[in-house]
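Work through the exercises below with the sequence and the structure at hand. Each task is followed by a solution in steps.

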Amino acid sequence: MDNQENDDYSEERDYYRDVIRDNIEYNYFYENRNNPKLQVNMGRIDEIVAVMVDVVCSRKKTIRVNGEDLPQAEVKKRFLELDDTHIDYVITALDRSKSEVRNIRAYLITALYNAPVTMESYYDEWVKRDMMGG
């Protein structure tokens, strides 16, 4: 990359970082980072934002999601639709997971991509288990 391409890429990353932060209500997380009831881990939020920016700004034609190569444009579109509820869901699912995650980046990409279509079922099952005392 020459200097102009490098500058353009850097500007693109900054732009999408701001868009993603707006979409996920980053300021809310930041403002509540010291609230013991919410237990916001800003390191984890920043890590998720960084992964999302990497994927959204990727120059690759495909992104690997759950072991499959999906068109980058499709993954980018889905990532740009994510909001704070999806981020909460991904963090909750990661925290509650009993299995060892070997590749956290791949796990996050898959979890973020799937969040809009799995979140409701996840929470429905969680409520059912709690109501049944399990």
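For residue classes, Ala, Val, Leu, Ile, Met, Phe, Trp, Tyr, Cys and Pro count as nonpolar, Asp, Glu, Lys and Arg as charged, and the others, Gly among them, as polar. This is a predicted model, in which local features need pLDDT of at least 70 and side-chain atom pairs count only at pLDDT 80 or more, while totals for chains, interfaces and linings use all residues. Residues are numbered from 1 along each chain as its sequence is written, and side-chain values use heavy atoms, with hydrogens and water left out.

**Exercise 1. Describe the chain as a whole.**

Step 1. Take helices (H or I, at least four residues) and strands (E, at least two) as DSSP runs, numbered from the N terminus. The chain then holds 6 helices and 2 strands, in the order α-α-α-β-β-α-α-α.

Step 2. Count a residue as buried under 20% relative accessible area, exposed over 50% and partly exposed in between (1.4 Å probe, protein chains only). Of the 134 residues in the chain, 34% are buried.

Step 3. Define a contact as heavy atoms within 4.5 Å. Among contacts between residues at least 6 apart in sequence, 68% join residues at least 24 apart.

**Exercise 2. Locate the largest nonpolar core and its contributors.**

Step 1. A nonpolar core is a set of buried Ala, Val, Leu, Ile, Met, Phe, Trp, Tyr and Cys residues joined through side-chain atoms within 4.5 Å. The largest one has 34 residues, and Ile45, Met52, Val75, Phe79, Ile87 and Leu112 have the most contacts inside it.

Step 2. Two or more core residues come from each of helix 1 (3-23), helix 2 (26-31), helix 3 (42-56), strand 1 (62-65), helix 4 (72-79), helix 5 (84-96) and helix 6 (104-131). Helix 3 gives the largest share, 9 residues.

Step 3. Which residues does Leu112 contact, leaving aside its neighbours within four places in sequence? They are Ile48, Met52, Phe79, Leu82, Ile87 and Val90.

**Exercise 3. Compare the linings of the two largest pockets.**

Step 1. On a 1 Å grid over the protein atoms alone, a pocket is an open set of points where a 1.4 Å probe fits, with protein on both sides within 12 Å along at least five of seven lines; lining residues have an atom within 4 Å of a point. Grid points are joined across faces, edges and corners, and a volume is the space filled by probe spheres set on the points.

Step 2. The largest pocket holds about 340 Å³. It has 13 lining residues, of which Leu38, Gln39, Val40, Asp88 and Ile91 are the closest to its centre. Helix 2, helix 3 and helix 5 each give two or more residues to this lining, and helix 5 gives the most, with 4. By class the lining has 6 nonpolar, 3 polar and 4 charged residues.

Step 3. The second largest pocket holds about 200 Å³. Its lining includes Asp54, Lys60, Arg64 and Arg105. At least two lining residues come from each of helix 3, strand 1 and helix 6. Here the classes are 4 nonpolar, 2 polar and 5 charged.

**Exercise 4. Place Gln39 and Asn66 by phi, loop and exposure.**

Step 1. Most residues other than glycine have a negative phi.

Step 2. Gln39 has a positive phi, near 50°. This residue sits in the loop between helix 2 and helix 3 and is exposed at 66% relative accessibility.

Step 3. Asn66 also has a positive phi, about 55°. Its loop lies between strand 1 and strand 2 (68-71), and Asn66 is exposed, with a relative accessible area of 59%.
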